[in-house]
Amino acid sequence: MALTRKQWNNIVIIACIFMVAVLTFIDKKTNNVPSDAQLLFDDNAPLAQLQLDGLWLHKQASKWSCDTKVLNCDEWANAWQSIRVSPLTAAPETTDTPQELVIQIADISDFQLWIYFPKEGALKSPAGNWYLVPPSLRAKLQPILDAKPAA
């Protein structure tokens, strides 16, 4: 049974509508930050220094400086400075290798040791509270160390 031109046009139109609906759904699920997500650092407690598995960033006056291995210093610093998290009521199941995250807030001399699970986006505070980083913000929290694309 052969399809007419009109039937093919209808199939193409329906496929396009379906594709737009799927892409819209994916965009809404990945790019939007949840409504309960809160800034981890704000004007009252700004990020001053951070160390992620031995790679560091530090704010001097109004400029960020990073470890010499980090190629995207400004983007990395801005990602951490504007990170949003959602509180979790229970500890998540983590299969990822944890990263040690040392944070210093401006005007506070004590460092805070957090644990970060980058694939799941889970953060564990020094007090044992758990937070979730939205999927759309996770990729920028990792520094770029090599100019070659990952294979």
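These legends describe close-up views of a predicted model.

**View 1. An open sheet is built from nine strands.**
The strand order is β1-β5-β9-β8-β7-β6-β2-β3-β4. The pairing is antiparallel. β1 (38-39) and β4 are the edge strands. Each of these two pairs on one side only. In a regular strand the side chains alternate between the two faces of the sheet.

**View 2. At one end of the sheet, β1 pairs with β5, and β5 with β9.**
Strand β5 spans residues 84-88. Two bridges join β1 to β5, and the two strands run antiparallel. Here Leu 39 stands opposite Arg 84 of β5. Strand β9 covers residues 130-132. Three bridges link β5 to β9, again in an antiparallel arrangement. In this pair, Pro 87 faces Tyr 131 of β9.

**View 3. β6 and β7 lie side by side in the sheet.**
β6 covers residues 99-105, and β7 covers 112-117. Five bridges join the two strands, which run antiparallel. Ile 103 stands opposite Gln 112 in β7. The loop between β6 and β7 holds Asp 107.

**View 4. Helix α2 turns one side to its buried contacts.**
Helix α2 runs over residues 73-81. Its buried residues are Cys 73, Trp 76, Ala 77, Ala 79 and Trp 80. Why do they lie on the same side of α2? They cover an arc of only 160° around the axis, and so they share that side. These buried residues pack against five strands: β2 (47-52), β3 (55-60), β4 (63-66), β6 (99-105) and β7 (112-117).

**View 5. The largest nonpolar core holds 25 residues.**
Which of them touch the most other members? They are Leu 50, Trp 76, Trp 80 and Leu 123. The elements giving two or more residues to this core are β2, β3, β4, α2, β6 and β7. Helix α2 supplies the largest share, five residues.

**View 6. Trp 76 is one of the buried residues of helix α2.**
The contacts listed here leave aside neighbours within four places in sequence. Among the contacts of Trp 76 are four leucines: Leu 50, Leu 52, Leu 55 and Leu 57. Trp 56, Cys 66 and Val 70 are also in contact with Trp 76. The list further includes Lys 140, Leu 141, Gln 142 and Pro 143.

**View 7. Leu 101 sits in strand β6.**
Is Leu 101 buried or exposed? Leu 101 is buried, because its relative accessible area is 0%, and the limit for buried is under 20%. Residues up to four places away in sequence are not counted in its contacts. Leu 101 touches Leu 50, Gln 51, Leu 52 and Trp 80, among others. Its contacts also include Gln 112, Leu 113, Trp 114 and Leu 123. Asp 53 is 48 residues away along the chain, yet the C-alpha atoms of Leu 101 and Asp 53 are separated by 6.6 Å.

**View 8. Asp 53 and Asp 107 are loop residues with positive phi.**
Most residues other than glycine have a negative phi. Asp 53 has a positive phi of about 50° although it is not a glycine. Asp 53 lies in the loop between β2 and β3. Asp 53 is partly exposed, at 45% relative accessibility. For Asp 107, also not a glycine, phi is positive at about 70°. Asp 107 lies in the loop between β6 and β7. Asp 107 counts as exposed because its relative accessible area is 84%, and exposed begins over 50%.

**View 9. A disulfide links Cys 66 and Cys 73.**
How many disulfides does a search of the whole structure find? The search finds one. The S to S distance between Cys 66 and Cys 73 is 2.1 Å. The link is right-handed, with 80° about the S-S bond. Both Cys 66 and Cys 73 are buried. A disulfide is a covalent bond between the sulfur atoms of two cysteines. Cys 66 is also in contact with Trp 76. Cys 16, by contrast, is partly exposed, with a relative accessible area of 44%.

**View 10. Residues 7-26 form a helical stretch.**
The chain here is 100% helix and 0% strand. The end C-alpha atoms of this stretch are 29 Å apart. An unreviewed UniProt entry annotates residues 7-26 as "transmembrane region".

Definitions and conventions: Residues are numbered from 1 along each chain as its sequence is written. Side-chain values use heavy atoms; hydrogens and water are left out. Buried means under 20% relative accessible area, exposed over 50%, partly exposed in between (1.4 Å probe, protein chains only). Helices (H or I, at least four residues) and strands (E, at least two) are DSSP runs, numbered from the N terminus. The arc is that of the directions from the helix axis to the C-beta atoms. Contact means heavy atoms within 4.5 Å. UniProt positions are given in the numbering used here, feature names are shortened, and annotations may be inferred rather than shown by experiment. A nonpolar core is a set of buried Ala, Val, Leu, Ile, Met, Phe, Trp, Tyr and Cys residues joined through side-chain atoms within 4.5 Å. A disulfide is a pair of cysteine sulfur atoms within 2.5 Å. Two strands pair if DSSP finds at least two bridges between them.
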